[in-house]
Amino acid sequence: MEDTLRHQRAAAPVAPTAEAATTFRPLPVSAARVVGGFWAQRQQVNRTAAIPAGLTRLRENGVFRNLGRAAGQDEGPYEGPVFIDSDVYKWLEAVAWEQAREPSESLAAEQAEATALVAKAQQPDGYLNSFVQVVTGAAGRFADLTSGHELYCAGHLMQAAVAQHRVTGHRELLDVAISFADLLVDTFGPGKRPELDGHPLVEMALVELYRETGDARYLDLARHFVETRGHGWAAAGPHPRPRSYYSDRVPVRRAVTVEGHAVRALYLAAGAADLAAETRDDELLAALERQWQAMVTTKTYLTGGVGARWDGEAFGDPYQLPPDRAYCETCAAIGSIQWSWRMLLRTGAARYADLIERTLYNAVLPGLSLDGNAYFYVNALQVRDGQADDDRRNPANGRAGWFGVACCPPNIMRTISSLGSLLATADDEGVQIHQYAASAITAELPSGQVELAVATDYPWDGHIEITVLAAPDQDWTLALRIPGWCTDAKALIAGAGVAEAGEPGRYLRLRRSWMAGSSVVLDLPVPVRRTVAHERVDAVRGCVAVERGPLVYCLEQADQPAGVLVDDVQLADGDGTAVWSPDLLGGVAAVQMTGQTTPDAMSLYQPEAADDRQPERPARLTAIPYFAWANRGPGPMRVWIPLGRPG
Ligand SMILES: [Zn+2]
């Protein structure tokens with residue numbers, strides 16, 4: 001297909017221009033491919049179960065009918081929440097990345113059909129929002145930016161369009177997105193409408209559309225939206241919440257932490273990071289680094305999940321991280337990864353890849369059932385015996401096939417579909433591997449092409465073999481991330497006879513004349529380890545969590561002996577033993593530990609001196625990876641486990 005665009009970007013979700021300030025260059029989704037093991041299984045489930053079931057749900061829940069009504073080809077009242085168009089855009093983005101992984105005629109046909117409907121629903125001046133078109137008419141356009149989500153939906157359209165164009169070269173959806181973006185450029189900005197969308201996202205989408213088209217007006221509009229936030233314009237609508245809810249209390253470059261609705265705050269930060277890269281704005285970058293650090297040191301769960309409060313789906317105060325009432329929306333975890341990925345590309349600091357790893361395994365993945373057919377919206381770290389209500393988001397009710405507000409399911413789909421892009425990057429010196437998976441990686445260096453084969457059973461095992469299949473005839477650097485949790489990492493270069501020690505939380509940079517046939521074995525020991533929280537996290541004082549490699553573990557009721565209730569256990573000393581369990585939950589390394597249980601006979605309160613606790617009984621406890629919980633029905637579960645009281 002003929003394409004006259006000036007800027008052709010790598011077919012990945014984030015593709016900075018050559019002018020951007022970047023340390024690492026992303027690789028196309030098709031050039032960093034998962035080929036086996038843990039993530040291949042998850043990608044297969046995503047492709048064969050989640051994405052097709054998602055299409056069925058989109059057909060059932062009215063989003064296609066709404067678009068049909070907007071296009072004038074369908075009758076009936078509008079269905080669903082105001083932002084439901086975004087579900088189809090995220091699904092389309094997932095399908096685009098699937099086409100990059102492995103083209104499929106049926107996916108292409110579904111993609112073409114949905115794209116044609118979206119195009120048909122667009123109005124002649126570029127406007128597109130099925131709620132406004134069907135329910136309020138033209139008078140409702142941009143009339144409630146605080147809660148209408150029109151620019152949020154526009155942003156998801158742009159991201160899907162960019163993905164589709166990067167992967168297939170097809171312009172149809174891109175032209176829809178450009179037409180809408182042009183309308184936004186004419187409507188918003190200095191001297192035009194001053195308000196902002198209550199839900200950020202359009203910022204990073206506009207930057208990516210700029211990257212794809214070369215049209216600097218989109219970058220300028222993204223800059224306007226980022227710089228104007230913090231002055232009350234996002235909360236200027238008819239029924240606003242407090243400004244902090246919209247990250248609209250403090251300007252982005254002055255903010256010292258993240259606050260308010262977690263998904264909004266994180267999408268804003270990701271967009272600001274894109275802007276900082278494209279405009280080479282180091283002051284904005286420094287502000288984002290400061291906020292990221294505050295998030296990681298005071299507002300992030302052990303799982304990488306963020307957003308401690310159900311009220312407002314929001315970040316809590318520093319150290320307010322209750323495990324049982326954790327919100328940890330799956331979308332917030334995805335937003336955190338999107339932000340960290342942009343910070344990693346810009347700075348090259350391994351801490352960002354560390355958080356991506358923690359969040360992927362322990363905050364995104366639990367959002368999807370092992371069979372790919374059900375989702376968590378809320379990812380709490382504890383569910384109690386007897387916990388129940390009729391809120392479908394309550395994890396005590398188990399995962400749901402879909403939600404009335406279905407932001408999370410297609411967000412997981414597009415994340416897993418584009419996962420390859422998070423594995424590795426390149427710079428002029430060589431290739432960096434950030435996430436370990438059985439994979440095939442191809443990167444272009446100034447001196448020539450590098451092809452790598454990565455063989456590993458990660459995360460179950462920390463043994464990683466990297467073989468060079470092709471390489472330029474010059475020295476280049478293979479940089480391997482040593483996870484922050486890993487002590488005693490060693491890399492043994494075949495034939496060199498020396499082991500290089502790796503420092504936790506850094507890249508181990510191996511520069512040499514890597515030739516085709518060269519190989520290196522990276523050994524990341526994954527013993528069971530115990531973790532405690534900062535003392536200010538009152539909710540888990542006196543508790544430990546169990547981790548192994550990148551995985552956070554939990555006790556789920558289904559794995560404990562009869563008569564031992566998860567709510568009543570304490571851990572004894574000793575780290576526990578990992579046991580490969582091929583028949584458990586599709587094959588996991590479980591962790592067996594000794595502990596004790598105390599029968600529940602205490603009064604709710606009593607004088608400190610009159611301890612009426614019952615004597616403990618020893619108990620064998622079995623922990624499983626947290627991502628795999630609630631696949632055998634709902635029930636009690638906990639990540640943080642009390643330590644046994646001193647004898
Ligand atoms: Zn969500």
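This passage walks through the zinc site, several helices, a hairpin, a strand residue and the salt bridges of the structure shown above. The model is predicted.

The zinc ion is a convenient place to start. Its protein donors are Glu 329 through OE, together with Cys 331, Cys 407 and Cys 408 through SG, and they lie 2.1 to 2.3 Å from the metal. The angles subtended by the four donor atoms run from 94 to 119°, which makes the arrangement tetrahedral. Along the chain, the spacing of these donor residues reads E-x1-C-x75-C-C. Within this set, Cys 331 and Cys 407 link distant parts of the chain, being 76 residues apart. Cys 331 belongs to helix H13 (residues 330–347), whereas Cys 407 sits in the loop between strand S3 (382–383) and helix H15 (408–417). Cys 331 and Cys 407 are both buried.

Helix H13 also takes part in a salt bridge, one of 36 counted in the model. Here the side chains of Arg 346 and Asp 282 meet at 3.0 Å, N to O. Arg 346 lies in helix H13 and Asp 282 in helix H12 (residues 282–298), so this contact ties together parts that are 64 residues apart in sequence. The two partners can be set side by side in terms of accessibility: Arg 346 counts as buried at 17% relative accessibility, while Asp 282, at 47%, counts as partly exposed.

Helix H12 has a further link of this kind, in which the side chains of Glu 289 and Arg 351 form a salt bridge with an N to O distance of 4.0 Å. This pair connects Glu 289 in helix H12 with Arg 351 in helix H14, 62 residues apart. Glu 289 is partly exposed, with a relative accessible area of 24%, and Arg 351 is partly exposed as well, with 36%. There is also a network of salt bridges that share partners, joining Arg 166, Glu 208, Arg 211, Glu 212, Asp 274, Glu 278 and Arg 342.

Two members of that network, Asp 274 and Arg 211, meet through their side chains in a salt bridge of 3.0 Å, N to O. Asp 274 lies in helix H11 and Arg 211 in helix H9, so the pair ties together parts that are 63 residues apart in sequence. Both Asp 274 and Arg 211 are buried.

Helix H14 itself spans residues 350–364. Its 15 residues reach 20 Å from the first C-alpha to the last, close to the 21 Å expected at 1.5 Å a residue. Of these 15 residues, 13 are buried, so H14 is largely enclosed by the rest of the structure.

Helices H9 and H11 return in the surroundings of helix H10 (residues 216–228). H10 has 13 residues and reaches 18 Å between its first and last C-alpha, close to the expected 18 Å. Its buried residues are Tyr 218, Leu 219, Leu 221, Ala 222, His 224, Phe 225, Val 226 and Thr 228. The cover over them includes helix H7 (150–168), helix H8 (172–187), helix H9 (202–213) and helix H11 (262–278). Just after H10, Gly 230 adopts a positive phi of about 100°.

A positive phi also appears at Gly 495, here about 85°, in the turn of the hairpin formed by S10 and S11. Five residues separate the two strands of this hairpin. Strand S10 (residues 489–493) pairs with strand S11 (residues 499–502) in the antiparallel sense over four bridges, and Ala 489 stands opposite Gly 502 in S11.

Two individual residues complete the picture. Thr 477, in strand S9 (residues 476–482), counts as buried at 10% relative accessibility. Leaving aside residues up to four places away in sequence, Thr 477 touches Glu 429, Gly 430, Val 431, Arg 509, Leu 510 and Arg 511. Lys 120, in turn, lies in helix H4 (residues 105–121). With the sequence neighbours up to four places away again set aside, Lys 120 touches Ala 71 and Gln 73. The C-alpha atoms of Lys 120 and Gly 68 are separated by 8.1 Å, although their positions lie 52 residues apart along the chain when counted as sequence separation.

Note on methods:
Residues numbered from 1 in each chain as written. Predicted model: local features only at pLDDT ≥ 70, side-chain atom pairs only at ≥ 80, totals over all residues. Heavy atoms only, no water. Donors = N, O, S within 2.8 Å, 3.2 Å for Na, K, Ca; no water. Tetrahedral: all angles 85-135°; square planar, octahedral: opposite > 155°, others 65-115°. Buried < 20%, exposed > 50% of the residue type's maximum accessible area, 1.4 Å probe, protein only. Expected span 1.5 Å × (residues − 1). Contact = heavy atoms within 4.5 Å. Pairing = 2+ DSSP bridges.
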